[in-house]
Amino acid sequence: MTKISFHHAGGAVDVLDVDPGTSIMRAAVTNGVAGIVGECGGQAMCATCHVYVRPEYLADLPAISDDEEEMLDCTADPRDAARSRLGCQVILGNGLEDLEVDVPGSQV
Amino acid sequence: MDNIVGNGQAGIQLVDSLRTEGYTGRITVIGEEAHFPYQRPPLSKDYMSDAKTPLPLPLRAERFFAGNDVDSRLGVRVTAVDRARRTATLDDGSRLVYSKLVLATGAANRELSVPGSGLAGIHGLRTLSDAEAVHARLAVARSVVVIGAGFIGLEFAAAARQRGLDVTVLEFADRPMGRALSPAMSGYFAGAHERMGVQLRFGEGIASFEGRDGHVCSAVSTAGHSYPADLVLVGIGVIPRTERPRQPGCRWTTGSSWMAPCAPRTRTSSPLGTAPATPAAMPPPAPGWSQCRTPRIRPAIWPGPSWEAARATPSCPGSGPSRAR
């Protein structure tokens, strides 16, 4: 199992154990984590699963694809040059066994 | 007690909006599919890849239904509505009493009626069950014919082509996705598909299918060409499922809701209540749009029903306006 922590504004944290191969978005949507929508179903087409990855994990992330790069310019809350990712494009496991992200205030 | 018939995008968005806006009454959701509500858009994309069988993505987590006190009746259909007594009868024999009944029955795939349409190997793609059947078939298919170059047809064509299959798309019109896109955008997507090896045949509809031992083996176009096919995907649009409200005094108005200033939200004319049927009309692209500038549009994609449902809540007791999430 891999561990992911969703930090919300105000300090609440959702900590989930999920199977390797699960995306950040799927982990959140399947478990009802507030603030992660995943409206397009994980196709990098809507930017409603935007997260801010905590700095200590940035080196472990996969590269940003052209599609994700384009959608990251359409996030409801401002894009952070270093930390913003689409949750559907980051798959847990395979070296990314532990991850912490901050949930934006809005997605739509 | 409220009942909502249909647990797709519109039905579940309505539940979400009602609870978000403070509605505290009981809510029952009736869905004919046995699964908890799931997202349909990935079914024509990720689902068709040859990686491991993907899992459906829920529309809401299961705890959403428990946490919001939603009574989900899954795998059952409504067979009758008695408006005088305010009851809905289900096909398992049970009967529910409602104070408000919301019909969110969505759409059904338009079906072909050409000769051979009943052969095995000819599939539609709408539900999780459809997707599982097509996914299984893709593993053994060699030649794919897609009927219709709309969103579903082209997404499926691309997915099948990525798996190395021969793919031919028959489209009656002269360009792909002509209902939704400009000619320039149609040309862009036609080029993208042709570059990956998808054969696009415009100006050719489907005339008939030929079979062998009950299974489809070729598709014959209206131009008289025959294309080998051991898997056919039919993507020729949807028909709103409005069968239930076709009762005296009840009329669907979905699809024109944002055109007329006097009818700002989707409603039936019946005291049954609001009717966020999918595929619903989009909200206006800009204030002031009206029917005289834009013909009725009904893009059969997910944002419409969600927005319609969110806009439908103010007429339900104990709730205010909401927005789709």
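Let's start with two strands of chain A in this predicted model: E1, covering residues 2–7, and E5, covering residues 98–102. They pair in the parallel sense, and 5 bridges link them. You can pick out one of the partnerships yourself: find Lys3(A), then look across to E5(A), where its bridge partner is Asp98(A).

Now zoom out a little. E1 and E5 belong to an open sheet of 5 strands in chain A. If you walk across this sheet, you meet the strands in the order E2-E1-E5-E3-E4, and the pairing is mixed. Which strands sit at the edges? They are E2 (13–18) and E4 (84–86) of chain A, and each of them pairs on one side only. The strands don't line up perfectly, either: neighbours in this sheet are turned by 35° against each other on average, if you ignore direction.

Next, let's see where chain A meets chain B. Here 12 residues of chain A are in contact with 12 residues of chain B. What kinds of residues does chain A bring to this meeting? Its side has 7 polar residues, 4 nonpolar ones and 1 charged one.

Chain B has a division of its own. Domain 1 is made of three stretches, 2–45, 59–108 and 239–315, while domain 2 takes in residues 112–236. These two domains of chain B touch each other: 8 residues from domain 1 and 10 residues from domain 2 take part in the contact. On the domain 1 side, the residues that touch domain 2 of chain B split into 4 nonpolar, 2 polar and 2 charged.

Note on methods. Residues are numbered from 1 along each chain as its sequence is written. Chains are lettered from A and ligands numbered from 1 in the order in which they are written. This is a predicted model: local features need pLDDT of at least 70, side-chain atom pairs count only at pLDDT 80 or more; totals for chains, interfaces and linings use all residues. Two strands pair if DSSP finds at least two bridges between them. Helices (H or I, at least four residues) and strands (E, at least two) are DSSP runs, numbered from the N terminus. Axes are lines fitted to C-alpha atoms, for helices over the stretch in contact, and angles run from 0 to 180 degrees between N-to-C directions. Two residues are in contact if their C-beta atoms, placed from the backbone, lie within 7 Å. Ala, Val, Leu, Ile, Met, Phe, Trp, Tyr, Cys and Pro count as nonpolar, Asp, Glu, Lys and Arg as charged, and the others, Gly among them, as polar. Domain bounds come from an automatic or database domain assignment.
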